[in-house]
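Please walk me through this structure. Take the contacts and the sheet one by one, and give the cut-offs along the way.

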Amino acid sequence: MADPLLIFGANGQVGQALTHLCPDYGFDPIALTSTQGDITHLERLHQLKDQYPTAPVVNAAAYTGVDKAEEDQISAYMVNAMGPGYLAALFGQDRPLVHFSTDYVFDGRGSTPFGEDDPVSPLGVYGM
């Protein structure tokens with residue numbers, strides 16, 4: 001029997017690709033859409049943690065409307081900042097947690113590839 005893997009954001013491009021690849025790597029994907037696994041709702045996250053007490057977590061959920069984020073700042077902040085924080089606080093202490101981010105956190109002025117510890121300088125709400 002394959003090990004379960006919680007995938008948040010299963011309807012997006014990254015989430016769909018990961019869900020498809022899971023069986024090849026010995027995982028049984030628990031593919032959660034934004035309705036099934038809304039990363040901005042702590043009560044639901046607590047339920048999922050209890051339901052899958054040891055499953056590693058992949059966060060592929062994101063508010064991806066770059067231009068729309070300027071108008072819908074609260075939703076963008078909740079999904080792209082608070083949600084990952086909730087996941088880290090609830091799941092990141094006792095199991096592997098992978099989170100996908102964006103290069104929009106940088107201003108694009110660098111001449112070498114960015115690293116995880118490079119200072120950020122977002123140019124808009126989406127990157128913030």
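Tyr 104 has a relative accessibility of 44%, so Tyr 104 counts as partly exposed. Here buried means under 20% relative accessible area, exposed means over 50%, and partly exposed lies in between (1.4 Å probe, protein chains only). The model is predicted: local features need pLDDT of at least 70, side-chain atom pairs count only at pLDDT 80 or more, and totals for chains, interfaces and linings use all residues. Residues are numbered from 1 along each chain as its sequence is written, and side-chain values use heavy atoms, with hydrogens and water left out.

What does Tyr 104 form with Tyr 126? The count of aromatic pairs comes to 3. In one of them, Tyr 104 and Tyr 126 meet edge-to-face, 5.0 Å centre to centre and with 90° between the planes. Both Tyr 104 and Tyr 126 lie in the segment after S4, so the pair ties together parts that are 22 residues apart in sequence. The rule takes rings of Phe, Tyr and Trp (its six-membered ring) with centres within 6.5 Å; planes under 30 degrees apart are stacked, over 60 edge-to-face, and the rest tilted. Tyr 126 is buried, at a relative accessible area of 14%.

The segment after S4 also holds Ser 121. Ser 121 is partly exposed, with a relative accessible area of 32%. Its C-alpha atom is separated by 5.3 Å from that of Asp 107, and the two residues are 14 apart along the chain. Asp 107 is partly exposed as well, at 22% relative accessibility. The side chain of Asp 107 meets that of Arg 109 in a salt bridge, 3.2 Å from N to O. Arg 109 is exposed, with a relative accessible area of 67%.

How many salt bridges does the structure hold? There are 3. Each is a side-chain nitrogen of Lys or Arg within 4 Å of a carboxyl oxygen of Asp or Glu. Asp 94 forms one with Lys 49, where the closest N and O atoms are 3.9 Å apart. Asp 94 lies in the loop between helix H4 (73-91) and S4, and Lys 49 in helix H2 (residues 42-51), so this pair ties together parts that are 45 residues apart in sequence. Asp 94 also forms a salt bridge with Arg 95, at 3.2 Å between the closest N and O atoms. Asp 94 is partly exposed at 45%. Lys 49 is partly exposed at 23%. Arg 95, by contrast, is buried at 7%.

Now the sheet. Four strands form an open sheet in the order S2-S1-S3-S4, with parallel pairing. The edge strands are S2 (27-32) and S4, and each pairs on one side only. From one strand to the next, the twist averages 20°. Strands S1 (residues 3-8) and S2 run parallel and are joined by 6 bridges. Leu 5 has Pro 29 in S2 as its bridge partner. Two strands pair if DSSP finds at least two bridges between them. Helices (H or I, at least four residues) and strands (E, at least two) are DSSP runs, numbered from the N terminus.

Strand S4 (residues 97-99) contains Val 98. Val 98 is partly exposed, with a relative accessible area of 41%. Val 98 joins Val 14 and Phe 100 in a nonpolar surface patch of about 240 Å². Patches are made of residues with over 30% relative accessible area and no salt bridge; like charges are joined within 9 Å, and nonpolar side chains (Val, Leu, Ile, Met, Phe, Trp, Tyr) within 5 Å. Accessible areas come from the Shrake-Rupley method with a 1.4 Å probe, and for residues only the protein chains shown count as cover.

Note on methods:
Axes fitted to C-alpha atoms, helices over the stretch in contact; angles between N-to-C directions.
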